[in-house]
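Open the model in a viewer and keep the sequence panel in view. The tour below gives a selection at each stop and then says what is there.

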Amino acid sequence: MTPLLTPQQVRFFHDEGYLIVPDVFPPAELEPLRQAIHGEINRLAREFQADGKLSGLHAELGFDRQVAAIHRDSPGCGEAIVRHIIGLRGGGFYSPEMFDLIMQPALLALIGALVGSDEVVASPYRIRPKLPNFGGGVVPWHQDSGYLAGHCDTHLIITCWVPFVDASAENGCMEILPRAHRGKVAPHHTGGNADFLVIKDEDLPGDPRAAITAACPRGGAVFMTNRTPHCSTPNYSDHIRWSVDLRYKAADVPNNVGIEPAGFDAEGKADAAFYENVNVACYPPEADFVVHSRVHPERVVDYAEYVRMREVYARTQPRFAEVRAWPPLEK
Ligand SMILES: O=C(O)CCC(=O)C(=O)O
């Protein structure tokens with residue numbers, strides 16, 4: 001049973017910019033999603049094997065090690081699997097088990113306490129397999145607001161980071177700068193590691209020596225605000241650091257619920273009218289959907305609608321440079 005947040009925990013979250021709750025889910029509740037992702041990995045691996053691109057499936061290694069072994073044998077196949085599972089821009093992975101995690105009632109109760117509302121919208125999420133000794137999953141210092149339109153900066157958008165394994169400094173958990181979430185969003189440059197946005201050290205809104213190691217056991221979650229500076233470190237362990245990061249906000253925060261990109265050009269860009277709407281929608285353009293509502297329960301999405309929205313938005317292109325116009329990192 002998920003513990004209700006105490007008033008002290010809610011205050012800690014708002015004061016420090018983060019909160020680690022070690023016992024959000026009984027670990028068994030994460031099992032269906034782990035198994036569903038594992039099934040998808042095996043499906044892709046078998047396809048690569050049938051095409052002659054992969055010699056062995058390494059299925060005996062299990063969820064925590066299999067993709068790392070595939071990546072060692074064939075970096076191309078390993079990266080293709082990782083990219084597919086990450087599910088950038090709504091493509092990739094959106095099984096019923098993923099939907100169930102986003103909608104988990106106890107988790108939504110915690111989110112409601114943190115955003116101070118019963119009207120809750122879910123935003124983009126990522127599934128992240130951080131492979132051992134592979135730099136691609138190392139995320140440089142950033143605030144999630146760096147990826148969102150500027151008019152969202154002063155609103156609260158919660159990142160809820162859920163590890164599928166015990167996350168530690170050894171396997172590359174996050175580092176977080178506490179009490180650094182109240183000021184402006186720092187400039188974020190394109191061209192960081194693995195194409196992530198990055199804040200230069202001199203622009204960090206705090207002293208990196210004050211960063212905390214956000215270790216979190218399987219079954220727990222790390223909650224952060226959209227302005228909380230954080231990064232993640234290399235995985236020096238022998239297993240994959242699997243995690244999912246979900247995003248939620250109160251329904252009165254700018255969102256793109258009900259906004260449908262109507263037309264796409266040859267490159268998959270949404271029509272001009274859609275981009276005019278970035279004044280009301282947080283960026284990047286991914287599906288936002290109502291996950292909890294006391295006032296309008298009929299607006300809460302079901303699985304079919306969630307899939308439809310993800311698929312519609314999967315065909316849009318992120319245009320970060322046009323949204324914040326921060327310059328690339330000088331090399
Ligand atoms: O999972 C990670 O390594 C980084 C996650 C992150 O930066 C985020 O969720 O915003």
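**Stop 1: the end of helix α1**

Select Gly-17, just after α1, and check its backbone: phi is positive, at about 90 degrees. The model is a predicted one.

Now step back into the helix itself, residues 7–16. Which residues of α1 are buried? Select Val-10, Phe-13 and Glu-16. Turn the view until you look down the axis of α1: these buried residues fall within an arc of 155 degrees, so they line one face of the helix. The general rule is that an α-helix has 3.6 residues a turn, so residues three or four places apart point the same way. On the face turned away from the buried side, pick out Pro-7 and Gln-8, which are exposed.

Next, show what the buried residues of α1 pack against. Two helix and strand partners to colour are α6 (105–115) and β1 (18–21); add the strands β3 (157–163) and β6 (221–224).

**Stop 2: the ligand**

Select the ligand and the shell around it, which holds 14 residues. The closest are His-142, Trp-161, His-230, Ser-232 and Arg-241.

Which side chains place an N or O atom by an oxygen atom of the ligand? Take these in turn:

- Trp-161: a side-chain N or O atom is 2.9 Å from a ligand oxygen.
- Arg-241: a polar side-chain atom lies 2.9 Å from an oxygen atom of the ligand.
- Asp-245: an N or O atom of the side chain is 3.5 Å from an oxygen of the ligand.

On its own the ligand has 290 Å² of accessible area, and the protein covers 99% of that area.

Colour the shell by secondary structure. At least two shell residues come from each of β2 (120–130), β3, β7 (230–232) and β8 (241–250). β8 gives the most, with four residues. Then colour the shell by class: six residues are charged, five are polar and three are nonpolar.

**Stop 3: Asn-42**

Move to helix α2 (residues 31–50) and select Asn-42. Is Asn-42 buried or exposed? With a relative accessibility of 13%, Asn-42 counts as buried, because the cut-off for buried is under 20%. Apart from neighbours within four places in sequence, Asn-42 is in contact with Ala-59 and Gln-66.

**Stop 4: Val-257**

Follow the chain to the loop between β8 and α7 (272–276), where Val-257 is found. Its relative accessibility is 33%, so Val-257 counts as partly exposed. Add Phe-289 to the selection: Val-257 and Phe-289 are 32 residues apart along the chain, and their C-alpha atoms are separated by 5.5 Å. Leaving aside neighbours within four places in sequence, the contacts of Val-257 are Val-121, Asp-288, Phe-289 and Val-290.

**Stop 5: two backbone angles**

Finish with two loop residues. Asn-133 lies in the loop between β2 and β3. Although not a glycine, Asn-133 has a positive phi of about 50 degrees. Asn-133 is exposed, with a relative accessible area of 62%.

Then select Ala-194, in the loop between β4 (174–176) and β5 (212–214). Phi of Ala-194 is positive, near 50 degrees, in a residue other than glycine. At 43% relative accessibility, Ala-194 counts as partly exposed.

Methods:
Residues numbered from 1 in each chain as written. Predicted model: local features only at pLDDT ≥ 70, side-chain atom pairs only at ≥ 80, totals over all residues. Heavy atoms only, no water. Buried < 20%, exposed > 50% of the residue type's maximum accessible area, 1.4 Å probe, protein only. Arc of directions from axis to C-beta. Contact = heavy atoms within 4.5 Å. Near = heavy atom within 4 Å. Polar contact = N/O pair within 3.5 Å; in protein donor to acceptor, adjacent residues only side chain to side chain. Areas by Shrake-Rupley, 256 points an atom, 1.4 Å probe, with all protein chains shown as cover. Nonpolar A, V, L, I, M, F, W, Y, C, P; charged D, E, K, R; others polar.
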